[in-house]
Each structure stands twice: as structure tokens, then as C-alpha cells.
Amino acid sequence: TKDKTEEILFEYKQKDDRIILYSTPIKLGAGGARKKGMELASGEYLAVVDCDDYIEKEYIAHMVEKIGPKGKGDQQYRDDIIFSGFKRVSPNGCVKYVRSYKDPDSALYQSVAPWAKLYRKSFLEEKGIEFVNVPFGEDIIFTAEVIMASPKLSMVDYADYYWENNPTSTSHSEFRYFPNDNLNIVKNIFDQMIYS
């Protein structure tokens, strides 16, 4: 069934010309859509917000305030990734728990999802890190590449990101059992990363 997503997007586009609308003739999946978003983004930093989730109005501002001062030469900014905490919420908005981290190094290894973070775009480009269009598990591959690139990290104490527990989402329906074919795709990518 067709919902009003397109209509809502056009309304926002009319209010803010910074918004870029892009559609594809085929379904890209989360990895493909995020990869396309990174290509189209023109900002110095990138943020991922999943389709079921939502953020506080000051979510980005809080992390931007934490970005380190400009440096010299090629290193324009100190921080490659800025982490924030998040709230796990039910569809009715009830907060199930709040996740925060002890320090940025802990966050790097404990947070597999790409959201609740701000990424320096040039860092991802310099390291050749991008989302891959696999049926499932693109988050794990992306985060593994980020970890191996030894990013410079920072963190905010805010938990302005709301991760919604949606039982009808793709991860709860289409890919509930993570098909073996998908596991093999992810394993092959990890093998290439480790042995290349």
C-alpha cells in the first residue's frame, strides 16, 4: 500500500531547499540507501537516522558543539566521529532504557549501529569507508571498517536519539532469521577486509 511519505517529503522540501529528494526505480535496502545518501551529502559531517527512529531538535547541534578546533594542513578537524547516547523506545513513545557510554573508545566497540553518531565525511572518503548494498548486516561491515581505520573520537553526554522498537520493521520481519546466503556475503566481505 502507498502511504503519504512522498507527499510529506515534498512539503518539507518546500520549507527547506537544503533537503535533497532522491528516488530509485529499485529498492536499494538500508545499505544502498545510506551509500547513496553519503554520495549526495555536501556537508562536512554526516549523520544517519533510521526510518523508524527520530531525534530531538538539538540532536545534531549538541554533537557539532563537541567537534574539535580546526587544525593545520590536511587535518581540518580533530574529531572523525562524535558519539551520543540513545533512548530505546516503544511505538507509543515509552522509553524502555537509556544507553550511554563510559568514554568514546568504549562507544566505538559497543555501538554497532551507524546512528547516534556524527561522521566526518572526508575521513570516510580518505579511508574508503562506505556502506555496502548487502541484504542484511551492512551496519556490522561499516562499523568494522571504521574501527580498523583508527578514528579520532569524541562524545557528548546527551541521549537525543530515539531508537524505536518497531515489530513490523525489516529487521523484525524479512530478515528475522538472517538467511545463510546473507551470512556468506558478510563473511566474504570480512575475509577481504582482514586478508587484503
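Biologist: How many of the residues of the protein chain count as buried?

Modeller: Keep in mind that this is a predicted model. Of the chain's 196 residues, 37% count as buried. As for secondary structure, the chain comes to seven helices and eight strands.

Biologist: Let's take one helix. How far does H2 reach from its first C-alpha to its last?

Modeller: H2 has twelve residues and spans 17 Å, close to the 16 Å expected at 1.5 Å a residue.

Biologist: And which residues of H2 are buried?

Modeller: Start with the general idea. An α-helix makes a turn every 3.6 residues, so residues three or four places apart point the same way. Here, the buried residues of H2 are Gly31, Gly32, Arg34 and Met38. They sit on the same side of H2, because they cover an arc of only 165° around the axis.

Biologist: What covers those buried residues of H2?

Modeller: The cover includes strand E1 (45-46), along with helices H5 (121-127) and H6 (138-148).

Biologist: Arg34 catches my eye. Why does Arg34 count as buried?

Modeller: Buried means under 20% relative accessible area. Arg34 comes in at 12% relative accessibility, so Arg34 counts as buried.

Biologist: Which residues is Arg34 in contact with, leaving aside its neighbours within four places in sequence?

Modeller: Those are Val48, Asp50, Pro114, Phe131, Glu138 and Asp139. With one of them, Glu138, the side chain of Arg34 makes a polar contact of 3.0 Å.

Biologist: What about contacts across the chain as a whole?

Modeller: Take contacts between residues at least 6 apart in sequence: 72% of these join residues at least 24 apart.

Note on methods:
Residues are numbered from 1 along each chain as its sequence is written. This is a predicted model: local features need pLDDT of at least 70, side-chain atom pairs count only at pLDDT 80 or more; totals for chains, interfaces and linings use all residues. Side-chain values use heavy atoms; hydrogens and water are left out. Buried means under 20% relative accessible area, exposed over 50%, partly exposed in between (1.4 Å probe, protein chains only). A polar contact is a pair of N or O atoms within 3.5 Å; within protein, one must be able to donate a hydrogen and the other to accept it, and residues adjacent in sequence count only if both atoms are side-chain atoms. Contact means heavy atoms within 4.5 Å. Helices (H or I, at least four residues) and strands (E, at least two) are DSSP runs, numbered from the N terminus. The expected span of a helix is 1.5 Å times one less than its number of residues. The arc is that of the directions from the helix axis to the C-beta atoms.
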